[in-house]
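User: I'd like a close look at one part of this model, please. Could you walk me through how the chains meet?

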Amino acid sequence: MWETRVRFLGREDPLEEAVSAALKQGQVTPTELCQRCLSLIKKTKFLNAYITVSEEVALKQAEESEKRYKKGHSLGDLDGIPVAVKDNFSTSGIETTCASNMLKGYVPPYNATVVQKLLDQGALLMGKTNLDEFAMGSGSTDGIFGPVKNPWSYSKQYREKRKQNSHSENEDSNWLITGGSSGGSAAAVSAFTCFAALGSDTGGSTRNPAAHCGVVGLKPSYGLVSRHGLIPLVNSMDVPGILTRCVDDAATVLGILAGHDPKDSTTIQDPVKPFTLPSLTDVSKLCIGIPKEYLTPELSSEVQSLWSRAANLFESEGAKVIEVSLPHTSYSIVCYHVLCTSEVASNMARFDGLEYGHRCDNDVSTEAMYAATRREGFNDVVRGRILSGNFFLLKENYENYFVKAQKVRRLIANDFVNVFNSGVDVLLTPTTLSEAVPYTEFIKEDNRTRSAQDDIFTQAVNMAGLPAVSVPMALSSQGLPVGLQFIGRAFCDQQLLTVAKWFEKQVQFPVIQLQELMDDCSSVFENEKLASVSLK
Amino acid sequence: MWALAVRLGLRAAARGRRGFTSKADPQGSGRVTGELIQHLERLSLVDFGSQEAVSRLEKAIAFADRLRAVNTDGVEPMESVLEDRCLYLRSDDVVEGSCAEELLQNSHRVVEEYFVAPPGNISWSKLDEKQPFSHR
């Protein structure tokens, strides 16, 4: 009988810690936990969050975890905890597709470093999650396995609001996007199918879906977490992202993933230790910066208002809240567009059908074979970015576009440096322009246009290499999650998360009510107290 | 007071949501010539596939042209945010490898320990293959 109750209102006990404690105390076994999550994955299949469900692998891992717990030798906080991984991370023996025909059927012979680290800690790999093809997009709608549906589309909170607004009970036709490109991971965490998921973040791909799905999305500082095994998009901006249901869990996972990796020379060599986040009670020494240029006309009035409320919250609790300026903000998305497409053009060159991935039947010549393979393997979005990128890299354009963008990048990075040097600890901004929109509305514009719109608050952070986290704040008038973004100084991820944790506790974001799904699963997430928790 | 400043800002900002598309990205300025298309397709070894894709490129270029407005005199290009640090170089010791068989398994065409490619000294010409912009 499933006895464990987990208190999740108020987020006082980090979910992973609570579950980890339950595992240690034998209140639940890793196998039971695994089976519950697998069952939920099956029930939520319509969300299309998973591309591959690694059921056998997960159960086997659960078995081994169970043996360790019985002997009292658990590997740590993540031992026996179900996690999911975005399908652009290489997983040994498990298909890794990047939601593209180019890699359909590709089975990597190695694990990405971050995947290996999770496995070394005993985490259970539930599966590979859905994304936009090659992580290009802001909706998780452009992959070959179809779009991911936002679990909130099926939440009591959203449905009740829709009934109130006398919309027809049209169950599925107006479902909402998850945001992207790590939409599958965000949906997987949001729908309780796992406790943490890996995403990737090049321009906001972890934070954007986190905001739309009401979960925490962390983009660590560039150089803190290894990119080895993350199929690259933009080498100078990509970062593995972490999606969890609370800030403490994100900190736990970051503590495990961070650190120098000899296989990724862009990871810093400074020693990194896992950390626990203090529970801030006094924010009077904190200085929060509000970048005025982020108040754009496109920002929805609801998000604006929540942003303002958040600023007031900090101020009313004694923090110093000041307006700051990031003068080059309006050029940031343009700069990102040029640098991103240029690096993509280069990174996608490896897909030629010869050593791995899709290969067409054309054998006339190498070039003909490559061209046909790439035509068949890549979707319009990917091809479009390759062509744009190569345009900017043409000899006659290189200085005016690529090098120019690199210069603007420095100006943007310097904007942040100047603000942080003026005494600001953390910046507070919206994550997205509005709450999640229906798929039917989202697809009215093309991928490039949407990405340019939706990445507006998130991509500057990638260009500057800073850590940033999206924390769910409140529900919109439609009953949908709105998240806000905190941006920290480089390598001050711990400080950033400490502030985020304080904020999370203040706002008490409601839990998604997926009642129909939960009924059969009876108890994991009922509102009752956990008897005793402390691990440490 | 922070709240007041934001309220002022809220009033000052335009109402509603204006999409990017209404911000007049100039349509194709005719810079994407047939020659350029062929050149890019040859370099990228992917094809545009449709007129729509060409106009998307034109929009992308117009979008990128906004960078001209930024004064970057005396600014050095930034290649990496970690430019102030030394790139890690590991020592030249063999620690792993000998996995040829594993790696060869991922390829569609292999002979013994070779990846097999079609002949390489034939330049790719679109004209031989098909008309430009034909849909797949």
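How many residue pairs are in polar contact between chain A and chain B?

Analyst: Happy to help! Between chain A and chain B there are 25 residue pairs in polar contact, with both residues at pLDDT 80 or more. A polar contact here is a pair of N or O atoms within 3.5 Å; within protein, one must be able to donate a hydrogen and the other to accept it, and residues adjacent in sequence count only if both atoms are side-chain atoms.

Please keep in mind that this is a predicted model, where local features need pLDDT of at least 70 and side-chain atom pairs pLDDT 80 or more, while totals for chains, interfaces and linings use all residues. Residues are numbered from 1 along each chain as its sequence is written, chains are lettered from A and ligands numbered from 1 in the order written, and side-chain values use heavy atoms, without hydrogens or water.

Which elements of chain A take part? Helix H9 (301–316), strand S8 (320–324) and helices H10 (329–347), H11 (366–377), H12 (380–392), H13 (398–421), H15 (447–454) and H16 (459–464) each give two or more residues to the side that touches chain B. These are DSSP runs numbered from the N terminus (helices H or I, at least four residues; strands E, at least two). H13(A) has the largest share of that side, with 11 residues. By type, the side of chain A that touches chain B holds 42 nonpolar, 23 polar and 23 charged residues. In this scheme Ala, Val, Leu, Ile, Met, Phe, Trp, Tyr, Cys and Pro are nonpolar, Asp, Glu, Lys and Arg are charged, and the others, Gly among them, are polar.

Charged pairs cross the interface too: there are seven salt bridges between chain A and chain B (a side-chain nitrogen of Lys or Arg within 4 Å of a carboxyl oxygen of Asp or Glu). One of these pairs Glu367(A) with Arg42(B), whose closest N and O atoms lie 3.0 Å apart.

Now for the overall extent. In total, 88 residues of chain A are in contact with 76 residues of chain B, contact meaning heavy atoms within 4.5 Å. Together the two chains bury about 7,500 Å², and carbon and sulfur atoms give 60% of this. Buried area is the accessible area (1.4 Å probe) that two parts lose on being put together, summed over both. Of the area that chain A buries against chain B, Arg375(A), Leu387(A) and Arg410(A) supply 10%, more than any other three residues.
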